[in-house]
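Biologist: Please pick one helix in this model and go through it closely. I would like its geometry, its packing and what comes right after it.

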Amino acid sequence: MSWTRRDFLKFSAALSTGALAGPLLACSPSTVSRGSIPESLAALRERRLDYRKARAVPTICFGCTTHCGVIGWVQDDRVRLVEGNPLDPNSQGTICSKANGMISYTDYPERILYPMRRVGPRGGGRWKRISWDQALDEIADRMRPLREAGTPERFVFHYGRDKTKGFSKRFTDAFGTPNRLNRRSICSSNRRAPLMSFYGREFEWESQDLERTKYVLNFGGNPMEAYQGGLFMRKRLIDAKVDRGARIVTFEVRPSATASVSTEYHAVAPASDGAIALAMARTIVDEGLADRAFWERWANWDFDEMRAHLEPFTSAFAEAESGVAATDIERIAREFARSAPACCTMSNRGSAKHYNGVQADRAIRMLDVLVGNVGRPGGFCLSSLRMWKNRYGQEGLPVIDQPAPRPHAPKPWKPGTREFETLPRDVQERVRAFPEEWQERYFGELATPSEYPLSWHWYAMRVGQLVHPYIQQRRQEVDVYMSYTLGAAYGFPEARLAREVLTDEALIPFHVAIDVSYGEQAALADIILPDATSLERWDAHSTNSYGLRPYTGIRQPLVEPLGEARPAQIIWRDLARRIGGGMERYFDFDDLEDYYRAWYAELPIDWETFKARGIWMDEDRPLDYELHEREVPAAEVARAEIDPESQTLFVQKDGKRHTIGIVRDGRPVRGFPTPSRKIEVRDETFPLAARLTGLPASDINASAVPTYARVPEHVDLSDDEYVLTTFKWNVHTQGRSAYWKHAAEIVHTNPVMMAPVTAERLGVATGDEVELTTYRPKGASDRSGERDPVGRLRNRVRVVPGMHPRVVACAHHSGHWEHGVVARGGEPTIASARVGMNADTSELDALAREIWWSKDRGGVGHGVAINDVYPINPAPLVGGQNWFDNVCRIRRVSGQKDPRTRA
Amino acid sequence: MPEIRTILSAKERAPIDRLIASLLVREVDRATWIRLREDPIPGFFSIEDPGFRDWIEREPTADRIEALAEEFARLFLLPDGVPPFASAWIEGDREPLAEALSTFIGETMEALGVEPIRVEPWGRLPLDHLALLLELVARAGELEGSEEGASSIQAHLHRELLGPWVAAFGRSLEARATSPIYRGLGSVLVALHGEC
Ligand code: SF4
């Protein structure tokens with residue numbers, strides 16, 4: 001059929017009278033001045049940022065969890081550039097390459113902009129848009145009956161990156177569920193637990209005084225790549241080394257970016273950090289380099305007992321364990337101690353994410369106490385951490401807290417409660433044996449797994465990697481599961497198990513995912529709710545300060561959310577209002593800005609000034625040195641009693657003793673916020689937890705004092721076994737940034753790195769393909785001892801000099817199969833085939849054409865997803881995932897070279 | 001489909017641009033389905049696909065409406081679809097390009113005295129969303145004859161904002177859509193705004 005001009009004219013005329021097409025544009029009050037229509041796109045590409053037109057808005061970066069103060073330049077409703085905020089005392093105006101990734105993820109063509117509901121089976125990849133009303137009504141209708149029936153715990157909230165500083169807790173508390181789960185065990189719990197055990201709950205992170213230090217002893221900490229607060233340390237570390245000649249000594253299994261800027265790098269056997277630290281402690285004690293006065297004043301462990309305990313940990317022993325020469329261990333110990341107090345230790349996942357990692361970190365922490373650098377200039381300092389509520393170290397600061405009214409937290413599941421009766425018998429028995437203080441914190445097996453009591457003893461760290469297996473084992477019945485910025489389906493160890501559970505509607509009848517992008521987790525939801533990005537929302541911010549002066553900042557929207565995306569706080573508010581039943585009274589605000597203004601009501605500067613600066617700090621406040629030596633105010637002393645034996649000052653509250661200080665040399669001082677007000681180098685919590693959970697007293701994790709034993713599966717490594725370790729690329733923020741083109745262009749793959757000698761032994765070279773087979777751990781770990789392999793993966797080799805020969809390393813956040821074309825390196829999705837979609841648009845779609853690293857274009861591709869082959873391996877008691885222990889066997893598959901290495 | 005661009009003036013094309021814009025931002029609901037049956041719309045989509053008329057004459061059952069909604073989401077709202085954004089298609093480094101597009105479109109809207117309407121279901125559309133661009137071009141087209149130089153503005157907008165990519169977008173839509181309405185949208189876009 002052919003149409004004439006006349007037909008088209010008739011068609012056009014008919015349309016203009018119809019109402020099919022509603023307007024998308026409204027007349028604006030601005031005057032028509034057509035002369036100002038730009039000449040060409042090409043010319044505009046050259047003038048990216050017009051400072052006469054752009055607005056500068058300070059906010060807090062959320063490219064990663066470091067949370068630097070930044071300034072976004074906004075022009076034409078777009079954030080054009082992100083720069084550092086010089087007022088931020090932590091970042092000191094610096095940023096990293098990821099900061100501008102926020103622009104990538106705010107304005108990218110594959111972002112989820114609307115609430116979506118699945119069509120067809122879960123995980124089938126078929127969706128339709130629904131309105132917010134439909135979405136929220138459906139979710140509220142699922143949730144309300146749980147609350148009305150008195151079973152709110154059947155609503156499970158599982159978050160990955162929640163930086164709403166307690167706003168989500170407001171929602172879960174108001175609903176009444178204790179099942180507010182996280183992913184801390186995946187990340188940092190093995191290193192937080194030792195610190196909190198030593199220094200108290202207030203200090204899950206330390207703040208080394210790197211601006212004045214002369215010596216940094218780094219056990220697997222990696223601020224140059226990935227470390228909460230890493231950027232705050234980077235400039236300080238480099239300045240310390242370059243300007244002041246400070247020595248940085250790094251023990252690592254691979255030449256990380258931090259190792260590469262260190263003065264000394266020692267490639268150590270995996271999980272041998274504890275042996276080195278204890279041998280150093282022994283050297284320091286033996287050679288009279290310890291600050292005995294400090295130890296005796298502040299450590300809770302007798303010096304001579306400690307000396308006796310160190311006896312077996314000789315430098316020769318440490319050499320045998322780690323491969324580091326005994327003479328080096330002794331020399332470094334001496335150098336460290338002689339630099340005191342301007343010296344500090346540093347550690348993170350490298351030392352801690354092992355079966356023996358909690359004890360390794362305790363041994364490392366002990367070094368600081370031994371040389372008396374704690375809280376001293378250049379030393380291992382502690383600075384106020386969380387929102388200010390007049391806690392330890394926050395005296396004199398304005399209170400910064402969520403506006404009232406606040407819901408009560410759920411009640412613990414103590415024996416006799418309804419919830420307790422729902423627990424399996426063996427769990428009931430275990431919990432019954434817990435001290436009352438622990439029972440007060442017990443909320444069922446998802447939130448507070450009874451086999452891992454130290455995952456919630458100090459702080460709600462949880463054991464995230466066990467959530468899905470526990471749901472599968474029906475340790476908790478679930479009706480509604482809400483994941484928020486969580487990537488369990490991709491990034492958790494044995495992620496395929498999480499996917500199995502998330503796909504099974506009998507186990508999880510209803511899954512709501514709140515996120516910015518369509519990742520592997522959202523793909524397994526029933527409803528997806530589009531979250532506003534960090535450039536589009538409000539959040540309160542506070543963290544520990546490496547400048548040693550507490551400060552606070554505000555994240556504020558630079559642009560309005562795109563599409564129909566909404567800030568999570570608004571989502572929860574609107575859900576609470578729909579669920580009703582009294583829940584809504586905690587969400588009685590219309591405008592989020594009003595809510596945050598009330599949050600910061602006590603700041604001594606007005607709200608507009610705060611927004612304009614983005615940061616507030618009391619410049620006159622003394623630095624956070626020696627908080628433990630600060631005197632307890634007379635008024636508090638007057639209300640307190642003194643325990644004659646421990647000399648602690650305490651007050652009675654709710655029938656319990658709360659220590660507020662300690663008397664030292666007749667002076668009432670604060671001490672540390674631990675039960676003894678001392679540094680608890682010896683902590684009986686560990687053997688107690690072991691006894692109550694059936695962990696043998698001989699297990700390293702049961703020790704009250706820092707100790708060392710080899711990781712069980714490393715004890716008898718055969719010649720063909722290697723330790724598969726993993727790491728985070730410094731331009732990425734785990735699996736969350738693969739779709740940020742800005743980051744993906746820099747790093748998009750994850751070869752298996754190995755030392756030249758390892759490659760030679762395996763008969764492989766860079767570019768060859770190998771197959772790795774992984775096994776379950778030994779020792780007292782989940783499913784330990786099962787013989788079947790956990791999984792296999794194939795990947796290309798990259799030979800890297802400087803690696804430990806027993807270690808192969810592979811970054812764990814490549815190889816996505818969702819998250820859009822950038823993350824997938826142009827590969828089709830699994831679901832695209834399922835929905836009959838022709839995924840090949842490479843010739844048409846510029847977005848796909850830009851993926852120059854795709855295999856189609858002769859590139860290296862987007863890497864290999866490796867998390868499925870990592871066994872779930874929680875450390876005993878604390879539950880942190882032992883990411884770096886995995887034993888694997890390696891087989892050469894092919895000698896075909898990596899395309900980039902072809903001649 | 002003949003090249004409508006050469007057959008109709010910008011002003012005459014404006015209602016067609018609007019029709020397409022509306023189909024790009026909103027799913028076909030029952031009411032729209034019924035409107036799409038009204039002559040001469042079926043004839044128009046049948047130029048390329050003679051089966052269109054039979055297809056649209058079917059009963060708009062809930063299942064069929066849902067299937068269309070699902071296809072809409074797959075094509076225009078989710079990753080791996082046919083993103084209706086200029087910045088996803090125009091050749092060049094994405095970020096400077098997307099920024100340049102925002103400036104271009106922002107300044108053009110200001111000059112034409114218009115601003116985007118934000119309502120459900122589309123909310124705050126990215127400025128380079130094809131629907132907005134079509135609406136902008138339609139606006140400029142409507143000024144034709146009433147205001148001197150409007151036609152050159154329309155041509156300028158077409159050359160800068162649509163010409164470089166809409167044909168590729170349309171062809172991709174033709175290739176990847178399964179229903180006659182979205183395949184038809186692809187063909188119409190090629191005919192309306194193919195390469196200059
Ligand atoms: S380290 Fe980089 S990504 Fe992380 S908050 Fe700071 S600037 Fe942003």
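Modeller: The answer below follows one helix of chain A and ends with a short note on the ligand.

This is a predicted model, in which local features need pLDDT of at least 70 and side-chain atom pairs count only at pLDDT 80 or more, while totals for chains, interfaces and linings use all residues. Residues are numbered from 1 along each chain as its sequence is written, chains are lettered from A and ligands numbered from 1 in the order written, and side-chain values use heavy atoms, without hydrogens or water.

Helix α4 of chain A covers residues 132-148. Helices are DSSP runs of H or I with at least four residues, and strands are runs of E with at least two, numbered from the N terminus. The 17 residues of α4(A) should span 24 Å, and the end C-alpha atoms are 23 Å apart, which agrees; the expected span is 1.5 Å times one less than the number of residues.

At A:D141 the helix bends by about 25 degrees, with the proline A:P145 following within four residues. The bend is the angle between axes fitted to the seven residues ending at a residue and the seven starting there.

Buried residues (under 20% relative accessible area, 1.4 Å probe, protein chains only) of α4(A) are A:W132, A:A135, A:L136, A:I139, A:A140, A:M143 and A:L146. They pack against β7, α5, β13, β14, β15 and α23 of chain A, where contact means heavy atoms within 4.5 Å. Just after α4(A), A:G150 has a positive phi of about 75 degrees.

As for the ligand, the residues around it include A:C61, A:H67 and A:K98, each with a heavy atom within 4 Å.

Definitions and conventions. Buried < 20%, exposed > 50% of the residue type's maximum accessible area, 1.4 Å probe, protein only.
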